[in-house]
Protein chains: 2
Amino acid sequence: MSGYVISISREFGSGGRRIGARAAKLLGIPCYDRDLIQKTAEKSGLSPAFIARAEARAKRLLPLGVQLRGPAELQAFFAQSEVILELADQGPCVIVGRCSDYVLGDRPGCLKIFIHAPLADRVSRCAEEYHLSAPNIMDRVREIDRGRASYYSRHTGRPWGELRRYDLALNSSATGIDGAAELIASLARMKLARQTSDREL
Amino acid sequence: MSGYVISISREFGSGGRRIGARAAKLLGIPCYDRDLIQKTAEKSGLSPAFIARAEARAKRLLPLGVQLRGPAELQAFFAQSEVILELADQGPCVIVGRCSDYVLGDRPGCLKIFIHAPLADRVSRCAEEYHLSAPNIMDRVREIDRGRASYYSRHTGRPWGELRRYDLALNSSATGIDGAAELIASLARMKLARQTSDREL
(Lines give C-alpha, C1' and ligand atoms only; values in the text may rest on other atoms or scores of the structure.)
Protein backbone atom coordinates (compact mmCIF):
# COMPACT_ATOMS: atom_id res chain seq x y z
CA MET A 1 0.00 0.00 0.00
CA SER A 2 1.21 3.44 -0.86
CA GLY A 3 0.08 6.57 0.96
CA TYR A 4 -1.45 6.76 4.38
CA VAL A 5 -4.68 7.16 6.31
CA ILE A 6 -4.88 9.17 9.53
CA SER A 7 -7.28 7.93 12.19
CA ILE A 8 -8.05 10.42 14.95
CA SER A 9 -9.57 9.41 18.29
CA ARG A 10 -10.34 12.25 20.68
CA GLU A 11 -11.72 13.16 24.05
CA PHE A 12 -14.79 15.40 23.91
CA GLY A 13 -13.80 19.07 23.94
CA SER A 14 -10.14 18.39 23.10
CA GLY A 15 -10.54 20.05 19.70
CA GLY A 16 -9.96 16.74 17.88
CA ARG A 17 -12.46 17.42 15.14
CA ARG A 18 -10.98 20.83 14.29
CA ILE A 19 -7.45 19.44 14.55
CA GLY A 20 -8.37 16.66 12.10
CA ALA A 21 -9.84 19.17 9.64
CA ARG A 22 -6.76 21.43 9.84
CA ALA A 23 -4.30 18.57 9.48
CA ALA A 24 -6.23 17.42 6.39
CA LYS A 25 -6.08 20.95 4.98
CA LEU A 26 -2.31 21.17 5.57
CA LEU A 27 -1.87 17.87 3.73
CA GLY A 28 -4.39 18.65 0.99
CA ILE A 29 -6.47 15.53 1.68
CA PRO A 30 -10.14 15.03 2.67
CA CYS A 31 -11.32 14.74 6.27
CA TYR A 32 -14.33 12.55 7.14
CA ASP A 33 -16.23 13.04 10.36
CA ARG A 34 -19.99 13.40 10.66
CA ASP A 35 -20.35 12.93 6.90
CA LEU A 36 -19.51 9.27 7.53
CA ILE A 37 -23.12 8.87 8.65
CA GLN A 38 -24.39 10.03 5.27
CA LYS A 39 -21.94 7.77 3.44
CA THR A 40 -22.91 4.84 5.65
CA ALA A 41 -26.54 5.48 4.81
CA GLU A 42 -25.79 5.39 1.09
CA LYS A 43 -23.79 2.20 1.53
CA SER A 44 -26.21 0.30 3.72
CA GLY A 45 -29.62 1.50 2.68
CA LEU A 46 -30.26 2.47 6.33
CA SER A 47 -31.52 6.02 6.80
CA PRO A 48 -29.08 8.63 8.17
CA ALA A 49 -31.45 9.24 11.09
CA PHE A 50 -31.48 5.53 11.90
CA ILE A 51 -27.66 5.34 11.88
CA ALA A 52 -27.30 8.46 14.03
CA ARG A 53 -29.82 7.01 16.49
CA ALA A 54 -28.02 3.65 16.58
CA GLU A 55 -24.73 5.45 17.26
CA ALA A 56 -26.25 7.57 20.02
CA ARG A 57 -27.87 4.49 21.54
CA ALA A 58 -24.52 2.69 21.49
CA LYS A 59 -22.96 5.48 23.52
CA ARG A 60 -25.63 5.42 26.21
CA LEU A 61 -25.17 3.33 29.32
CA LEU A 62 -28.23 1.87 30.94
CA PRO A 63 -28.61 2.16 34.72
CA LEU A 64 -26.00 0.11 36.61
CA GLY A 65 -23.71 0.24 33.58
CA VAL A 66 -25.58 -2.53 31.72
CA GLN A 67 -24.73 -2.44 28.04
CA LEU A 68 -26.92 -3.74 25.27
CA ARG A 69 -25.78 -4.17 21.69
CA GLY A 70 -28.74 -4.81 19.49
CA PRO A 71 -28.76 -5.95 15.87
CA ALA A 72 -29.50 -2.42 14.62
CA GLU A 73 -26.39 -1.08 16.31
CA LEU A 74 -24.23 -3.89 14.97
CA GLN A 75 -25.64 -3.41 11.47
CA ALA A 76 -24.84 0.32 11.58
CA PHE A 77 -21.33 -0.38 12.95
CA PHE A 78 -20.51 -2.92 10.25
CA ALA A 79 -21.81 -0.65 7.50
CA GLN A 80 -19.75 2.23 8.88
CA SER A 81 -16.65 0.03 9.06
CA GLU A 82 -17.13 -0.89 5.40
CA VAL A 83 -17.33 2.80 4.50
CA ILE A 84 -14.12 3.55 6.45
CA LEU A 85 -12.23 0.74 4.71
CA GLU A 86 -13.43 1.88 1.28
CA LEU A 87 -12.42 5.48 1.95
CA ALA A 88 -8.97 4.29 3.09
CA ASP A 89 -8.61 2.34 -0.17
CA GLN A 90 -9.38 5.45 -2.21
CA GLY A 91 -6.30 7.36 -0.99
CA PRO A 92 -4.90 9.48 1.83
CA CYS A 93 -7.53 10.94 4.15
CA VAL A 94 -8.27 11.80 7.78
CA ILE A 95 -11.02 9.88 9.58
CA VAL A 96 -12.25 11.24 12.92
CA GLY A 97 -13.62 8.84 15.53
CA ARG A 98 -15.89 5.85 14.78
CA CYS A 99 -13.32 3.34 16.16
CA SER A 100 -11.42 3.94 12.92
CA ASP A 101 -8.10 3.00 14.56
CA TYR A 102 -9.56 -0.44 15.27
CA VAL A 103 -11.36 -0.78 11.94
CA LEU A 104 -8.20 0.08 9.98
CA GLY A 105 -6.27 -2.38 12.17
CA ASP A 106 -2.68 -3.03 11.22
CA ARG A 107 -2.73 -1.45 7.76
CA PRO A 108 0.87 -0.37 7.27
CA GLY A 109 -0.16 3.08 6.06
CA CYS A 110 -2.46 3.82 9.00
CA LEU A 111 -1.34 6.50 11.44
CA LYS A 112 -3.23 6.34 14.71
CA ILE A 113 -3.66 9.55 16.65
CA PHE A 114 -5.26 10.24 20.04
CA ILE A 115 -6.06 13.78 21.20
CA HIS A 116 -6.68 14.54 24.86
CA ALA A 117 -6.60 17.57 27.16
CA PRO A 118 -7.13 18.26 30.86
CA LEU A 119 -10.81 18.19 31.85
CA ALA A 120 -10.89 21.86 32.93
CA ASP A 121 -9.59 22.99 29.52
CA ARG A 122 -12.10 20.82 27.70
CA VAL A 123 -14.94 22.24 29.75
CA SER A 124 -13.83 25.80 28.87
CA ARG A 125 -13.55 24.90 25.20
CA CYS A 126 -17.02 23.35 25.13
CA ALA A 127 -18.55 26.36 26.84
CA GLU A 128 -17.00 28.57 24.17
CA GLU A 129 -17.31 26.47 21.05
CA TYR A 130 -20.66 24.76 21.54
CA HIS A 131 -22.20 27.68 23.44
CA LEU A 132 -22.98 25.36 26.31
CA SER A 133 -23.65 27.18 29.53
CA ALA A 134 -25.52 24.67 31.63
CA PRO A 135 -24.25 24.57 35.21
CA ASN A 136 -23.55 20.87 34.86
CA ILE A 137 -21.34 21.20 31.80
CA MET A 138 -18.52 19.25 33.47
CA ASP A 139 -20.85 16.32 34.08
CA ARG A 140 -21.95 16.49 30.45
CA VAL A 141 -18.34 16.36 29.17
CA ARG A 142 -17.62 13.38 31.42
CA GLU A 143 -20.80 11.66 30.27
CA ILE A 144 -19.91 12.04 26.59
CA ASP A 145 -16.42 10.65 27.26
CA ARG A 146 -17.91 7.70 29.10
CA GLY A 147 -20.13 7.14 26.07
CA ARG A 148 -17.13 7.17 23.73
CA ALA A 149 -15.21 4.80 25.99
CA SER A 150 -18.20 2.47 26.19
CA TYR A 151 -18.79 2.53 22.41
CA TYR A 152 -15.10 1.82 21.79
CA SER A 153 -14.74 -1.05 24.22
CA ARG A 154 -17.97 -2.70 23.14
CA HIS A 155 -16.95 -2.79 19.51
CA THR A 156 -13.23 -3.47 19.92
CA GLY A 157 -12.95 -5.40 23.18
CA ARG A 158 -10.20 -3.02 24.33
CA PRO A 159 -10.23 -0.09 26.75
CA TRP A 160 -10.32 3.36 25.18
CA GLY A 161 -7.13 5.44 25.26
CA GLU A 162 -4.36 2.86 25.67
CA LEU A 163 -1.09 4.68 25.01
CA ARG A 164 0.61 1.93 23.02
CA ARG A 165 -2.21 1.66 20.46
CA TYR A 166 -1.43 5.12 19.04
CA ASP A 167 1.47 6.32 16.90
CA LEU A 168 0.97 9.81 18.29
CA ALA A 169 -0.99 10.86 21.37
CA LEU A 170 -1.04 14.50 22.26
CA ASN A 171 -2.37 16.99 24.76
CA SER A 172 -4.01 19.74 22.72
CA SER A 173 -3.63 22.18 25.64
CA ALA A 174 0.14 21.88 25.21
CA THR A 175 0.13 22.21 21.41
CA GLY A 176 -2.90 24.36 20.61
CA ILE A 177 -5.18 23.45 17.70
CA ASP A 178 -2.80 24.61 14.98
CA GLY A 179 0.20 23.05 16.70
CA ALA A 180 -1.50 19.67 16.97
CA ALA A 181 -2.45 19.81 13.29
CA GLU A 182 1.16 20.66 12.38
CA LEU A 183 2.56 17.73 14.40
CA ILE A 184 0.12 15.33 12.73
CA ALA A 185 0.95 16.68 9.27
CA SER A 186 4.69 16.33 10.05
CA LEU A 187 4.17 12.72 11.07
CA ALA A 188 2.29 12.00 7.83
CA ARG A 189 5.11 13.55 5.79
CA MET A 190 7.66 11.43 7.69
CA LYS A 191 5.61 8.33 6.93
CA LEU A 192 5.50 9.20 3.23
CA ALA A 193 9.25 9.91 3.14
CA ARG A 194 9.98 6.57 4.81
CA GLN A 195 7.71 4.72 2.37
CA THR A 196 9.53 6.38 -0.54
CA SER A 197 12.99 5.53 0.78
CA ASP A 198 11.87 1.93 1.49
CA ARG A 199 10.73 1.61 -2.13
CA GLU A 200 14.07 2.93 -3.37
CA LEU A 201 16.09 0.35 -1.41
CA MET B 1 8.58 30.31 34.97
CA SER B 2 10.03 31.03 31.56
CA GLY B 3 11.41 28.36 29.28
CA TYR B 4 10.70 24.68 29.44
CA VAL B 5 12.01 21.30 30.56
CA ILE B 6 11.48 18.15 28.53
CA SER B 7 11.00 14.91 30.45
CA ILE B 8 11.33 11.74 28.39
CA SER B 9 10.03 8.37 29.56
CA ARG B 10 10.73 5.44 27.27
CA GLU B 11 10.33 1.74 26.75
CA PHE B 12 13.61 -0.17 26.55
CA GLY B 13 14.83 -0.38 22.96
CA SER B 14 12.51 2.37 21.68
CA GLY B 15 15.47 4.67 21.02
CA GLY B 16 14.34 7.12 23.73
CA ARG B 17 17.84 7.95 24.91
CA ARG B 18 19.06 8.79 21.39
CA ILE B 19 15.86 10.68 20.63
CA GLY B 20 16.33 12.77 23.78
CA ALA B 21 19.92 13.57 22.84
CA ARG B 22 18.95 14.59 19.29
CA ALA B 23 16.02 16.72 20.38
CA ALA B 24 18.35 18.50 22.82
CA LYS B 25 20.86 19.07 20.02
CA LEU B 26 18.15 20.50 17.72
CA LEU B 27 17.11 22.89 20.50
CA GLY B 28 20.66 23.71 21.61
CA ILE B 29 20.04 22.64 25.21
CA PRO B 30 21.70 20.01 27.46
CA CYS B 31 20.41 16.44 27.81
CA TYR B 32 20.81 14.57 31.10
CA ASP B 33 20.61 10.80 31.23
CA ARG B 34 23.16 8.54 32.90
CA ASP B 35 25.15 11.57 34.03
CA LEU B 36 22.36 12.18 36.54
CA ILE B 37 23.95 9.44 38.63
CA GLN B 38 27.22 11.37 38.84
CA LYS B 39 25.39 14.60 39.67
CA THR B 40 23.32 12.82 42.31
CA ALA B 41 26.52 11.50 43.84
CA GLU B 42 27.98 15.01 44.04
CA LYS B 43 24.76 16.30 45.57
CA SER B 44 24.19 13.58 48.12
CA GLY B 45 27.66 12.44 49.10
CA LEU B 46 26.63 8.89 48.12
CA SER B 47 29.05 7.16 45.76
CA PRO B 48 28.04 6.77 42.08
CA ALA B 49 28.40 2.99 42.44
CA PHE B 50 26.04 3.03 45.43
CA ILE B 51 23.41 5.07 43.54
CA ALA B 52 23.64 2.87 40.45
CA ARG B 53 23.25 -0.23 42.66
CA ALA B 54 20.26 1.28 44.48
CA GLU B 55 18.64 2.09 41.12
CA ALA B 56 19.28 -1.41 39.76
CA ARG B 57 17.94 -2.94 42.97
CA ALA B 58 14.82 -0.79 42.70
CA LYS B 59 14.14 -2.21 39.23
CA ARG B 60 14.45 -5.82 40.31
CA LEU B 61 11.40 -7.76 41.33
CA LEU B 62 11.82 -10.44 43.95
CA PRO B 63 10.19 -13.82 43.31
CA LEU B 64 6.39 -13.67 43.35
CA GLY B 65 6.52 -9.99 42.48
CA VAL B 66 7.31 -8.89 46.04
CA GLN B 67 8.77 -5.40 46.05
CA LEU B 68 11.02 -3.99 48.72
CA ARG B 69 11.94 -0.34 49.01
CA GLY B 70 14.78 0.05 51.45
CA PRO B 71 16.12 3.29 52.94
CA ALA B 72 19.11 3.25 50.58
CA GLU B 73 16.84 3.23 47.54
CA LEU B 74 14.66 6.00 48.93
CA GLN B 75 17.72 8.09 49.81
CA ALA B 76 19.06 7.72 46.25
CA PHE B 77 15.63 8.54 44.76
CA PHE B 78 15.20 11.70 46.82
CA ALA B 79 18.74 12.87 46.05
CA GLN B 80 18.11 12.25 42.34
CA SER B 81 14.80 14.13 42.49
CA GLU B 82 16.61 17.11 44.04
CA VAL B 83 19.14 17.05 41.20
CA ILE B 84 16.34 16.96 38.58
CA LEU B 85 14.55 19.93 40.15
CA GLU B 86 17.79 21.94 40.34
CA LEU B 87 18.61 21.22 36.71
CA ALA B 88 15.11 22.31 35.70
CA ASP B 89 15.60 25.57 37.61
CA GLN B 90 18.81 26.28 35.72
CA GLY B 91 17.12 26.51 32.31
CA PRO B 92 15.78 24.48 29.38
CA CYS B 93 17.04 20.90 29.25
CA VAL B 94 16.04 17.34 28.39
CA ILE B 95 15.90 14.77 31.20
CA VAL B 96 15.64 11.09 30.25
CA GLY B 97 13.92 8.64 32.61
CA ARG B 98 14.26 8.67 36.41
CA CYS B 99 10.51 9.33 36.92
CA SER B 100 11.29 12.91 35.87
CA ASP B 101 7.71 13.46 34.64
CA TYR B 102 6.51 12.76 38.18
CA VAL B 103 9.32 14.66 39.92
CA LEU B 104 8.69 17.77 37.79
CA GLY B 105 4.97 17.41 38.49
CA ASP B 106 2.76 20.21 37.27
CA ARG B 107 5.45 22.78 36.48
CA PRO B 108 3.89 24.85 33.70
CA GLY B 109 7.02 24.64 31.57
CA CYS B 110 7.36 20.86 31.77
CA LEU B 111 6.72 18.91 28.57
CA LYS B 112 6.14 15.24 29.25
CA ILE B 113 7.05 12.79 26.51
CA PHE B 114 6.66 9.00 26.30
CA ILE B 115 8.42 6.95 23.63
CA HIS B 116 7.26 3.44 22.78
CA ALA B 117 7.55 0.99 19.89
CA PRO B 118 6.28 -2.51 19.05
CA LEU B 119 8.16 -5.23 20.94
CA ALA B 120 9.56 -6.86 17.78
CA ASP B 121 11.11 -3.56 16.63
CA ARG B 122 12.62 -2.96 20.05
CA VAL B 123 14.15 -6.40 20.09
CA SER B 124 15.76 -5.78 16.66
CA ARG B 125 17.06 -2.41 17.79
CA CYS B 126 18.60 -3.86 20.95
CA ALA B 127 20.25 -6.65 19.03
CA GLU B 128 21.81 -4.05 16.74
CA GLU B 129 22.59 -1.22 19.11
CA TYR B 130 23.67 -3.04 22.24
CA HIS B 131 25.19 -6.00 20.36
CA LEU B 132 22.95 -8.35 22.28
CA SER B 133 22.62 -11.72 20.66
CA ALA B 134 21.43 -13.97 23.45
CA PRO B 135 18.62 -16.26 22.32
CA ASN B 136 16.42 -14.90 25.10
CA ILE B 137 16.75 -11.26 24.08
CA MET B 138 12.97 -10.79 23.95
CA ASP B 139 12.67 -11.97 27.56
CA ARG B 140 15.44 -9.55 28.52
CA VAL B 141 13.66 -6.59 26.89
CA ARG B 142 10.42 -7.53 28.65
CA GLU B 143 12.26 -7.89 31.96
CA ILE B 144 13.84 -4.43 31.70
CA ASP B 145 10.44 -2.91 30.88
CA ARG B 146 8.90 -4.67 33.88
CA GLY B 147 11.71 -3.20 35.97
CA ARG B 148 10.98 0.32 34.69
CA ALA B 149 7.26 -0.11 35.29
CA SER B 150 7.91 -1.38 38.79
CA TYR B 151 10.36 1.43 39.60
CA TYR B 152 7.89 4.01 38.31
CA SER B 153 4.84 2.72 40.15
CA ARG B 154 6.72 2.23 43.43
CA HIS B 155 7.94 5.81 43.47
CA THR B 156 4.88 7.53 42.00
CA GLY B 157 1.95 5.33 42.99
CA ARG B 158 0.74 5.36 39.36
CA PRO B 159 0.98 2.79 36.59
CA TRP B 160 3.69 3.39 34.00
CA GLY B 161 2.61 4.60 30.54
CA GLU B 162 -0.79 6.21 31.13
CA LEU B 163 -1.67 8.11 27.96
CA ARG B 164 -3.16 11.18 29.64
CA ARG B 165 -0.06 11.87 31.75
CA TYR B 166 1.98 12.81 28.66
CA ASP B 167 1.83 15.86 26.42
CA LEU B 168 3.23 13.79 23.57
CA ALA B 169 3.44 10.01 23.32
CA LEU B 170 4.88 8.54 20.17
CA ASN B 171 5.73 5.29 18.46
CA SER B 172 9.34 5.61 17.34
CA SER B 173 8.80 2.92 14.69
CA ALA B 174 6.37 5.30 12.97
CA THR B 175 8.57 8.39 13.26
CA GLY B 176 12.14 7.08 13.21
CA ILE B 177 14.75 8.47 15.62
CA ASP B 178 15.23 11.78 13.76
CA GLY B 179 11.50 12.19 13.21
CA ALA B 180 10.72 11.73 16.89
CA ALA B 181 13.40 14.27 17.82
CA GLU B 182 11.92 16.74 15.31
CA LEU B 183 8.39 16.35 16.70
CA ILE B 184 9.65 16.92 20.25
CA ALA B 185 11.66 19.97 19.19
CA SER B 186 8.58 21.34 17.37
CA LEU B 187 6.49 20.89 20.50
CA ALA B 188 9.10 22.75 22.57
CA ARG B 189 9.12 25.63 20.07
CA MET B 190 5.31 25.78 20.19
CA LYS B 191 5.47 25.93 23.97
CA LEU B 192 7.96 28.79 23.85
CA ALA B 193 5.89 30.69 21.28
CA ARG B 194 2.76 30.30 23.43
CA GLN B 195 4.62 31.50 26.52
CA THR B 196 5.84 34.54 24.59
CA SER B 197 2.37 35.42 23.28
CA ASP B 198 0.88 34.93 26.77
CA ARG B 199 3.41 37.40 28.18
CA GLU B 200 2.53 39.91 25.47
CA LEU B 201 -1.18 39.80 26.23
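These exercises work through a predicted model of two chains, A and B.

**Exercise 1. Confidence**

Task: Which element of chain A has the lowest confidence, and which the highest?

Solution:
- Start with the whole chain. The mean pLDDT of chain A is 84, and 89% of its residues reach 70 or more.
- Go to the elements. Helix α3 (residues 48-58) of chain A is lowest, at a mean of 71. Strand β5 (residues 168-171) of chain A is highest, at 97.
- Look for weak stretches. Over residues 62-66 of chain A the pLDDT falls below 50. Beyond near neighbours in sequence, that stretch makes two contacts in the model.
- Finish with the overall scores: ipTM is 0.87 and pTM is 0.88.

**Exercise 2. Relating the copies**

Task: What turn and what shift lay chain B on chain A?

Solution:
- Any two copies of a chain are related by a rotation about an axis and a shift along it.
- Here the turn is 180° and the shift along the axis is 0.0 Å, with an RMSD of 0.0 Å.
- The copies are therefore related as by a two-fold rotation axis.
- The same surface serves both: 100% of the contact residues of chain B recur in chain A.

**Exercise 3. The sheet**

Task: What is the order of the strands in the open sheet, and which stand at its edges?

Solution:
- The sheet has 10 strands with mixed pairing, in the order β2(A)-β3(A)-β1(A)-β4(A)-β5(A)-β5(B)-β4(B)-β1(B)-β3(B)-β2(B).
- β2 (31-32) of chain A and β2 (31-32) of chain B are the edges. Each has a single partner strand, so one side of each lacks a neighbour in the sheet.
- Now cross between the chains. β5(A) pairs with β5(B) in the antiparallel sense, over three bridges. A:L170 stands opposite B:L168.
- Within chain B, β1(B) and β3(B) run parallel, joined by four bridges. B:V5 faces B:C93 there.
- β2(B) and β3(B) are also parallel, over two bridges. B:Y32 has B:I95 as its bridge partner.

**Exercise 4. Two faces of a strand**

Task: Are the residues on the faces of strand β3 (residues 93-96) of chain B buried or exposed?

Solution:
- In a regular strand, side chains alternate between the two faces of the sheet.
- On one side of β3(B) lie B:C93 and B:I95; on the other, B:V94 and B:V96.
- All are buried, and both faces are covered.

**Exercise 5. A helix check**

Task: What span should helix α7 (residues 137-156) of chain A have?

Solution:
- At 1.5 Å a residue, its 20 residues should span 28 Å.
- The end C-alpha atoms are 29 Å apart, which agrees.
- Buried residues of α7(A) include A:I137, A:V141 and A:I144.
- Just after α7(A), A:G157 takes a positive phi of about 75°.

Methods
Residues are numbered from 1 along each chain as its sequence is written. Chains are lettered from A and ligands numbered from 1 in the order in which they are written. This is a predicted model: local features need pLDDT of at least 70, side-chain atom pairs count only at pLDDT 80 or more; totals for chains, interfaces and linings use all residues. Side-chain values use heavy atoms; hydrogens and water are left out. Copies are superposed by least squares on the C-alpha atoms of residues with pLDDT of at least 70 in both. Contact means heavy atoms within 4.5 Å. pLDDT is the predictor's confidence in each residue, from 0 to 100. Two strands pair if DSSP finds at least two bridges between them. The expected span of a helix is 1.5 Å times one less than its number of residues. Buried means under 20% relative accessible area, exposed over 50%, partly exposed in between (1.4 Å probe, protein chains only).
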